[in-house]
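Work through the exercises below with the sequence and the structure side by side. Each task is followed by a solution that goes step by step.

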Amino acid sequence: MTDIADQQNDDELMRQLGLTDKGFLLSRMEGRVFLRLTGGVEYGGTHYPYDLVPAQGVLAKPSKWRKMDGDARAALLRERASDAVVAELHGYVADFVEEMADACDDCELDPLPFLQGLADMQISEPAGIVFDRIRQRLEHAVEREMEEQHAERTRQSINLAEYPASFDVARRIKRKFIALLGPTNSGKTHQAIEALAKAPSGVYLAPLRLLALENYERLQAMEQHGKPLAVSLVTGEERRLVAGATHVASTVEMLDTRTPVDVAVIDEIQMLADRDRGSAWTAAVCGAPAHTVYLVGAPEARRAIEVLAARLECELEVHVLKRKGPLSMEPSAVRKLTNLRRGDAVICFSRREVLMWRDMVTEVGLSVATVYGNLSPEVRRAQAQRFREGAADVVVGTDAIAMGLNMPIARIVMTTSVKYNGYEEEEIPAALARQIAGRAGRFGVHEEGLVAGYDNETHNVMRSLLQEKPVPLKTTGFAVAPTLEHLHRISSVTNEHALAKLLKRFVHNIDVPDGFFYPRITEEQFERAAWLDTLQLTVAEKFALSLVPISSKVHTLQHAWEGWATALAHKKITRLKPEQNPLHFMNLQEVEDACRLYSAYAWLAYRQPEYFPDTELAQRLSREASERVDSILQDQNAAARKRQPKKFRR
């Protein structure tokens, strides 16, 4: 009852002072007593009412207001509700209505929905705050409108259903696909390379630099019409160009889609399903400019190949090959290091685990070759060569062994069946288990391949994984990565130049009519794009830098990459200074990182030679670092064996 009585007293006071007739109301809300002023303004033939709190309209807290006597209240009301206050607020509202109406007219929007907020009786803030909120609503509405326009323009500019047509040379060639599908050790790659070598011209596309290098040398050793093949090597980090070369060994991302050839070989075709790199295989299948395209890989890729061939209107011939020798599980787990034997490959899933197992294996008297992903292709090949030649009894490595690196492995020994997938530890998929296991039992060297787990649990899991029926690759949603042309097209219709926004539009706004082809970028590229947008770089420069093959998880490498980007933004030339960090003072990890840094510099140098001119030096330093890594690994192996009593050495 007290509140009702107070309100009645206040209303009576307002009438006595003549403020009600001027349009003033006295209100209580949110712990405040304040004045409201009602009125209206005309603009463009429309009447816009308002109900607002003047700039000095907040009078007091309710507790303080109750303590004031009638005279004090009256004096405060006369001061805050004067004719000057009425005129001032009315003028502010008129100016604001004109401002908003004109702004809405420019944007082709109706001002009425926004200006209705001027008469919102639930608002207790001063008029200036209300004006700012309405301006923000208009800004957001304009942003939404622009977003919808840009999204629609992006959809109109890129239609992924037309993706194959973007490869002009391949589109004009009557192409035939020949799929050679089979498990590891089925001879499928050998058959494809033989066909490639017999062709007048051709290209081999590899998933790894290591495989590109191996098959480059393999092709060099082959003859055509009594003469050695003229072969070039093209990877992201290296070019070995031969004048008049008829054949090229290349990594899949480096496919030349403009030069027609007779035969193309796309290796590991099941990589179409790879989360981060699958788009490179989509591009290769759609864009390989060859009359005959060999698709080499696992049998589970068959259905995906069939639908792709149909979509591309290419003739398809499928050959399913069988493994040349049997593959069997050992009766039981290995259980002890002393049960390891010459010809074994011990598989782990991290560099740390590889080095730990290497030391343990060495301590029982076996010499070890070491293979893991952080090693350069040259080091991996040198280590594999030691195993092939018998200089190492056992190879200890990661699943890097599963792709390429033909070695005379008698038995695969899995130390675990769990691998970190970038987010969490999980059991390896059956396809990877089969690919690793398939490396056992080299045809012509062993009668059969054997597989075992080191412990009972791993042994049983591997047995189950190898018995699983292969899951076919998906037959829709083939990944397509953005090209610089895509980004320039989006930029031209949206006038946006931030790489992160362009990539986001590519993923979310381009036209994907039936989902057969689907836009895909990696999380790392998007994260890099956001950082690169803080620098004064062109879209082309930012795009190239976002793709540099260097790990952002290694601080020294990330720091180097940021330095390169910053230097390019300032148009400064970046030179290599190897004398600052001599290799012989570095430990194994540091030399590995140095090798990766030099390779990444070489990659960037091929794309920005004006600002990264030390291409040859980078390649030389990368080779020297690789040799140093190989030397350190051999020294560590020898040192561990020396610590072992002679009676345990083999």
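## Exercise 1: A residue in a strand

At 1% relative accessibility, Ser250 counts as buried, because buried means under 20% relative accessible area. The model is a predicted one, and the task here is to describe the surroundings of Ser250 in it, beginning with the strand in which Ser250 lies.

Solution. Start with the secondary structure: Ser250 belongs to strand β11, which covers residues 247-251. Next, look for the residues that Ser250 touches when those up to four places away in sequence are not counted, and you should find Val203, Tyr204, Leu205, Ala206, Ala212, Val234 and Leu255. Finally, follow the side chain of Ser250, which reaches the backbone oxygen of Val234 at 3.3 Å.

## Exercise 2: The sheet of 8 strands

Task. Establish the order of the strands in the open sheet of 8 strands, and then find which helices pack on the sheet.

Solution. Step one is the order, which reads β10-β9-β11-β6-β12-β13-β5-β14, and the pairing is mixed. Step two concerns the edges, where β10 (239-240) and β14 (315-320) each have a single partner strand, so one side of each is left without a neighbour in the sheet. Step three takes one pair from within this order: β6 (residues 202-206) and β12 run in the parallel sense and are joined over 4 bridges, with Tyr204 having Val265 in β12 as its bridge partner. Step four turns to helix α8 (residues 188-198), which packs on the sheet by touching β5 (176-181), β6, β11, β12 and β13 (290-297), and whose direction makes about 165° with that of β13. Step five adds helix α9 (residues 209-220), which touches β6, β9 (231-234), β10 and β11, its direction making about 175° with that of β9.

## Exercise 3: The sheet of 6 strands

Task. Describe the open sheet formed by 6 strands, including its edge strands and the helices α13 and α14 that pack on the sheet.

Solution. First, write down the order β15-β22-β19-β16-β18-β17, in which the pairing is parallel. The edge strands are β15 (327-329) and β17 (368-371), each of which pairs on one side only. Neighbouring strands of this sheet are turned against each other by 20° on average, with direction ignored. For a closer view of one pair, take β16 (residues 344-347) and β19 (residues 411-414), which run parallel and are joined by 4 bridges; here Val346 stands opposite Val413 in β19. Then place helix α13 (residues 377-388), which touches β16, β17 and β18 (394-397), and whose direction makes about 150° with that of β17. Last comes helix α14 (residues 430-437), which is in touch with β15, β16, β19 and β22 (449-453), while its direction makes about 140° with that of β19.

## Exercise 4: A hairpin

Task. Explain how β1 and β2 are joined into a hairpin.

Solution. Begin with the pairing, since strand β1 (residues 24-29) and strand β2 (residues 32-43) pair in the antiparallel sense over 6 bridges. Within this pair, Ser27 stands opposite Phe34 in β2. Now look at the turn: 2 residues lie between the strands, and Glu30 in the turn has a positive phi of about 50°.

## Exercise 5: A proline in a loop

Task. Find which residue lies 29 residues from Pro260 in sequence and 4.8 Å away in space, C-alpha to C-alpha.

Solution. Locate Pro260 in the loop between β11 and β12 (261-266), where Pro260 is partly exposed, with a relative accessible area of 49%. The residue sought is Pro289. Leaving aside neighbours within four places in sequence, Pro260 is in contact with Val169, Ile173 and Pro289.

## Exercise 6: Enclosed space

Task. Search the whole structure for cavities of 30 Å³ or more, and work out which residues and elements line the largest cavity.

Solution. The search finds 4 cavities of that volume or more, and about 110 Å³ of space lies in the largest cavity. The lining of the largest cavity consists of 13 residues, of which Arg209, Glu238, Glu378, Gln619 and Ser622 lie nearest its centre. The elements that give two or more residues to this lining are α21 (588-607) and α22 (615-642), and α22 gives the most, with 5 residues.

Note on methods: Residues are numbered from 1 along each chain as its sequence is written. This is a predicted model: local features need pLDDT of at least 70, side-chain atom pairs count only at pLDDT 80 or more; totals for chains, interfaces and linings use all residues. Side-chain values use heavy atoms; hydrogens and water are left out. Buried means under 20% relative accessible area, exposed over 50%, partly exposed in between (1.4 Å probe, protein chains only). A polar contact is a pair of N or O atoms within 3.5 Å; within protein, one must be able to donate a hydrogen and the other to accept it, and residues adjacent in sequence count only if both atoms are side-chain atoms. Contact means heavy atoms within 4.5 Å. Two strands pair if DSSP finds at least two bridges between them. Axes are lines fitted to C-alpha atoms, for helices over the stretch in contact, and angles run from 0 to 180 degrees between N-to-C directions. On a 1 Å grid over the protein atoms alone, a cavity is a set of points where a 1.4 Å probe fits but cannot get out, and a pocket is an open set with protein on both sides within 12 Å along at least five of seven lines; lining residues have an atom within 4 Å of a point. Grid points are joined across faces, edges and corners, and a volume is the space filled by probe spheres set on the points.
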